[in-house]
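Work through the exercises below with the sequence and the structure open. Each task is followed by a solution in steps.

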There are 2 protein chains.
Amino acid sequence: MKKLTVDLGERSYPIYVGEGLLNDLADTLGKHQIGTKSPHLIVTDENVAEHYLERVQSLLEAGGYRIATAVVAAGEKSKSLAVLEEVITVALEAGLDRNSAVIALGGGVVGDLAGFVAASYMRGVRFVQIPTTILAHDSSVGGKVAVNHRLAKNVIGAFHQPEFVLYDIATLKSLPERDARAGLSELVKEGFILDREFVYWCDTNAERLLTLDSEALQHALYIGCGVKAKVVSEDEKEGGLRAILNLGHTIGHALEAVAGYGELLHGEAIAIGMVGAARLSAKLGNPETIAAETERILRKFGLPVRIPAHMDTDAIMSAMMHDKKFSEGNMVFIIPKAIGDVEINKNVSSVWVKEVVEGLKRED
Amino acid sequence: MKKLTVDLGERSYPIYVGEGLLNDLADTLGKHQIGTKSPHLIVTDENVAEHYLERVQSLLEAGGYRIATAVVAAGEKSKSLAVLEEVITVALEAGLDRNSAVIALGGGVVGDLAGFVAASYMRGVRFVQIPTTILAHDSSVGGKVAVNHRLAKNVIGAFHQPEFVLYDIATLKSLPERDARAGLSELVKEGFILDREFVYWCDTNAERLLTLDSEALQHALYIGCGVKAKVVSEDEKEGGLRAILNLGHTIGHALEAVAGYGELLHGEAIAIGMVGAARLSAKLGNPETIAAETERILRKFGLPVRIPAHMDTDAIMSAMMHDKKFSEGNMVFIIPKAIGDVEINKNVSSVWVKEVVEGLKRED
Ligand SMILES: NC(=O)c1ccc[n+]([C@@H]2O[C@H](COP(=O)([O-])OP(=O)(O)OC[C@H]3O[C@@H](n4cnc5c(N)ncnc54)[C@H](O)[C@@H]3O)[C@@H](O)[C@H]2O)c1
Ligand SMILES: NC(=O)c1ccc[n+]([C@@H]2O[C@H](COP(=O)([O-])OP(=O)(O)OC[C@H]3O[C@@H](n4cnc5c(N)ncnc54)[C@H](O)[C@@H]3O)[C@@H](O)[C@H]2O)c1
Ligand SMILES: [Zn+2]
Ligand SMILES: [Zn+2]
């Protein structure tokens with residue numbers, strides 16, 4: 001087992017990465033002062049429940065815990081206020097109180113939803129993240145939790161840090177291939193923003209990662225969580241630096257919104273968005289090779305690097321205007337200056353953005 | 001104008017109390033770094049809108065502000081996730097960004113709803129409280145914001161402190177009599193918990209307060225906000241002391257839930273709850289005169305001091321079990337030890353509570 005720390009003063013917390021860690025979950029909860037007196041709630045989705053819920057629940061019950069469970073539909077549509085309300089119904093009926101914890105067992109959807117439940121239930125109870133997707137290395141660290149509004153993703157939420165993150169690599173074995181690829185997109189992203197060496201390690205080890213080799217995954221998730229933890233430690237509430245984690249997300253979120261949640265997975269949309277950001281970089285005077293390299297590496301992971309032709313450019317542009325990363329009307333982009341190095345650019349012309357979007361639609 | 005401060009380190013903020021303060025709202029926003037670049041959102045209800053919205057909006061527009069407005073239905077039912085979602089739709093359509101502020105213009109319902117919008121929109125934007133009811137002296141100070149769930153009041157929310165509270169006494173003139181009385185209930189409560197002198201000042205000046213005499217109101221709201229500010233400054237997140245503000249609320253909330261939101265106003269339910277707490281006090285060995293005095297003073301304000309006979313005792317008891325003030329199964333009550341002095345008692349027997357509830361139902 002490897003351990004990392006997200007350093008946030010009295011809100012600091014550990015990330016445990018290793019194989020088989022779920023077996024010790026009851027102990028880990030106890031170590032973190034989550035006791036057996038109050039009931040706790042596991043939030044998960046139907047796919048994850050099928051594989052792991054019974055086991056986790058009985059492990060915890062064997063440890064003396066009373067556990068309520070809320071199993072939501074798999075997929076982005078569960079990140080809604082309506083589902084939040086249903087989960088809170090379960091929490092109330094199970095008698096969760098202020099000493100209770102909400103435990104997210106699942107991918108980013110479950111983590112974001114359960115985290116907002118934890119943030120808002122009785123104005124905030126404790127929260128535990130048990131990520132079960134590769135993408136969730138990102139979503140489970142940093143305390144950003146949210147649900148979607150039909151007009152924009154993640155616009156209703158909070159900052160609510162977990163007590164700990166427990167990453168059991170063993171749970172990744174059951175991950176569908178497409179979700180694994182999408183998760184690797186966001187994992188390579190951690191390299192693109194801050195760690196050139198890691199990008200090329202991923203490039204070299206793409207095959208091992210795609211076949212979910214334990215050792216490769218453990219290394220990559222440790223590095224990926226480490227990048228995330230480092231950035232979050234320096235800027236908890238996205239006052240500045242933290243925005244770099246959004247490389248590829250401005251275009252990516254717009255694509256997800258326009259496609260209708262579901263057509264593109266988050267990591268897929270972000271892959272396209274990273275290529276878009278790299279092309280904007282070229283327009284800003286940086287080497288064209290950044291875009292070419294970005295594209296080559298993402299293709300190696302079988303990720304999409306073009307915008308589906310049927311998507312309307314104006315709809316994409318207007319979705320971007322709604323995106324929360326535009327402060328007071330300026331277009332803000334995370335721009336790669338080299339592989340493994342980015343800047344926050346607050347003066348990106350919308351004309352260029354539109355050109356890039358159109359370019360990504362036209363080509364194959 | 002009088003000024004108080006809620007002392008919370010970097011989250012400290014002022015409360016301005018005075019007549020005609022709305023006239024300077026644009027200036028006050030500016031003084032608090034809420035600028036004219038980003039649009040802002042006023043949340044209000046239909047009654048308050050009728051009296052003040054046009055004026056406030058045009059005052060702000062004259063000051064160069066772009067203002068979006070969300071007018072919700074009057075009453076507790078607007079404190080719901082469904083209405084929250086509608087308000088957020090308005091915010092998104094108006095292009096509110098991270099530099100925007102949400103301005104609550106109204107009573108406690110509007111304040112709680114708008115505050116949770118501010119807390120959760122884009123994971124938190126700035127918030128301004130312009131209370132227009134007497135009761136809102138309480139709800140507008142302290143940062144507790146929430147909406148209701150059908151099973152329990154205020155269980156979905158956050159702690160989100162405003163930038164400032166602007167209390168314009170002039171807006172209280174249009175308050176319906178029943179709402180004024182209900183507000184005075186919570187105002188006298190501030191005395192019952194911490195300020196014996198203020199209780200007897202209210203007793204003496206009941207008539208002036210009921211006729212909404214400006215001078216009397218300004219004094220009473222200044223004292224009332226002061227008590228609230230003091231308690232909140234010492235315990236922002238209700239770790240301990242702050243619970244004393246909930247005198248009368250354990251039974252009160254249960255009555256509101258069982259009555260169906262609307263039959264009893266919040267302040268009315270709290271009046272009955274304060275009598276209940278005083279009777280529990282007698283069972284715990286304190287003088288019977290506390291209950292008699294509490295009842296006499298509340299009656300002077302025309303407030304109910306008995307539970308409507310049709311309400312089911314078991315339903316009231318079970319609503320209390322759901323109440324968030326019960327931690328790990330114990331029944332916790334705020335108990336008056338004298339007029340102007342309370343304690344937090346964590347071992348109140350549910351048998352006594354039931355006796356008190358039944359007693360309050362039987363008598364006239
Ligand atoms: N909070 C943040 O900082 C942050 C950061 C990045 C992404 N996100 C959010 O994360 C979400 C995407 O996360 P995701 O890709 O993990 O999506 P997801 O949670 O929907 O999981 C993807 C799919 O895999 C299934 N699944 C999960 N774990 C499994 C397992 N171990 N075995 C088999 N199937 C499994 C799920 O049921 C789902 O169908 C998006 O909503 C995005 O907005 C949040
Ligand atoms: N957040 C907190 O700390 C806190 C504390 C106490 C109470 N509360 C909440 O406050 C709410 C009750 O507040 P309230 O009594 O102000 O209720 P309210 O907001 O519903 O206002 C009462 C009525 O008066 C009307 N009104 C408001 N201002 C008016 C004016 N100036 N002129 C004419 N009509 C006016 C409203 O439309 C409404 O019909 C409850 O939901 C309660 O839970 C919150
Ligand atoms: Zn992402
Ligand atoms: Zn109250």
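**Exercise 1.** In which strand of chain A does A:Lys144 lie? State also whether A:Lys144 is buried or exposed, and list its contacts beyond the local sequence.

Solution. The model is a predicted one.
- Step 1: A:Lys144 belongs to strand 7 of chain A, which covers residues 144-149.
- Step 2: The relative accessible area of A:Lys144 is 16%. Buried means under 20%, so A:Lys144 is buried.
- Step 3: Neighbours within four places in sequence are left aside, and A:Lys144 is then in contact with A:Asp112, A:Ser139, A:Ala158, A:Phe159, A:Glu238, A:Arg242, A:Asn246 and B:Arg123.
- Step 4: A:Lys144 is covered by the annotation "binding site" in the UniProt record, an unreviewed entry. Among the other residues that this annotation covers are A:Asp112, A:Thr132, A:Thr133 and A:Lys153.

**Exercise 2.** Where is B:Arg123, a contact of A:Lys144, placed in chain B, and what is its phi?

Solution.
- Step 1: B:Arg123 sits in the loop between helix 4 (108-120) and strand 6 (126-131) of chain B.
- Step 2: The relative accessibility of B:Arg123 is 9%, so the residue counts as buried.
- Step 3: Its phi is near 65 degrees, a positive value in a residue other than glycine. Most residues other than glycine have a negative phi.
- Step 4: For B:Gln33, too, phi is positive, near 60 degrees. B:Gln33 is in the loop between helix 1 (25-31) and strand 3 (40-45) of chain B. With a relative accessible area of 62%, B:Gln33 is exposed.

**Exercise 3.** Which helix holds A:Val109, and which residues does A:Val109 contact outside its local sequence?

Solution.
- Step 1: A:Val109 is part of helix 4 of chain A, residues 108-120.
- Step 2: A relative accessibility of 15% makes A:Val109 buried.
- Step 3: Apart from neighbours within four places in sequence, the contacts of A:Val109 are A:Gly75, A:Glu76, A:Ser78 and A:Lys79.
- Step 4: A:Val109 is also among the residues under the UniProt annotation "binding site" (unreviewed entry).
- Step 5: The same kind of record, again an unreviewed UniProt entry, gives "domain: 3-dehydroquinate synthase N-terminal" for residues 71-181 of chain A. That span is 32% helix and 30% strand, and its end C-alpha atoms lie 25 Å apart.

**Exercise 4.** How do helix 3 of chain A and helix 3 of chain B cross, and which residues make the contact?

Solution.
- Step 1: Two packed helices are described by the angle between their axes and the distance between the axes.
- Step 2: The axes of helix 3 of chain A and helix 3 (residues 81-93) of chain B come within 10 Å and cross at roughly 155 degrees. The angle makes the two helices roughly antiparallel.
- Step 3: The crossing of helix 3 of chain A and helix 3 of chain B is right-handed.
- Step 4: A:Leu81, A:Leu84 and A:Glu85 meet B:Leu81, B:Leu84 and B:Glu85 in this contact. By class there are 4 nonpolar, no polar and 2 charged residues.
- Step 5: A:Thr89 is in helix 3 of chain A as well. Its relative accessible area is 12%, so A:Thr89 is buried. Beyond four places in sequence, A:Thr89 touches B:His149, B:Arg150 and B:Leu151.

**Exercise 5.** At what angle do helix 6 and helix 9 of chain A pack, and which classes of residue make up their contact?

Solution.
- Step 1: Helix 6 (residues 177-194) and helix 9 (residues 214-234) of chain A pack at about 50 degrees, with axes 9 Å apart. This angle makes helix 6 oblique to helix 9.
- Step 2: The crossing of helix 6 and helix 9 of chain A is left-handed.
- Step 3: Helix 6 contributes A:Leu187, A:Glu190, A:Ile193 and A:Leu194, and helix 9 contributes A:Ala220, A:Leu221, A:Gly224, A:Val227, A:Lys230 and A:Val231.
- Step 4: These residues divide into 7 nonpolar, 1 polar and 2 charged.

**Exercise 6.** Why is helix 10 of chain A described as largely enclosed by the rest of the structure?

Solution.
- Step 1: Helix 10 of chain A covers residues 249-259.
- Step 2: Its buried residues include A:His249, A:Ile251, A:His253, A:Leu255 and A:Glu256.
- Step 3: Because 9 of the 11 residues are buried, helix 10 of chain A is largely enclosed.

Conventions: Residues numbered from 1 in each chain as written. Chains lettered and ligands numbered in written order. Predicted model: local features only at pLDDT ≥ 70, side-chain atom pairs only at ≥ 80, totals over all residues. Heavy atoms only, no water. UniProt positions renumbered as here; feature names shortened; annotations may be inferred. Helix = DSSP H or I, 4+ residues; strand = E, 2+ residues; numbered from the N terminus. Buried < 20%, exposed > 50% of the residue type's maximum accessible area, 1.4 Å probe, protein only. Contact = heavy atoms within 4.5 Å. Axes fitted to C-alpha atoms, helices over the stretch in contact; angles between N-to-C directions. Parallel < 35°, antiparallel > 145°, perpendicular 65-115°, else oblique. Left-handed = near helix turned anticlockwise from the far one by under 90°. Nonpolar A, V, L, I, M, F, W, Y, C, P; charged D, E, K, R; others polar.
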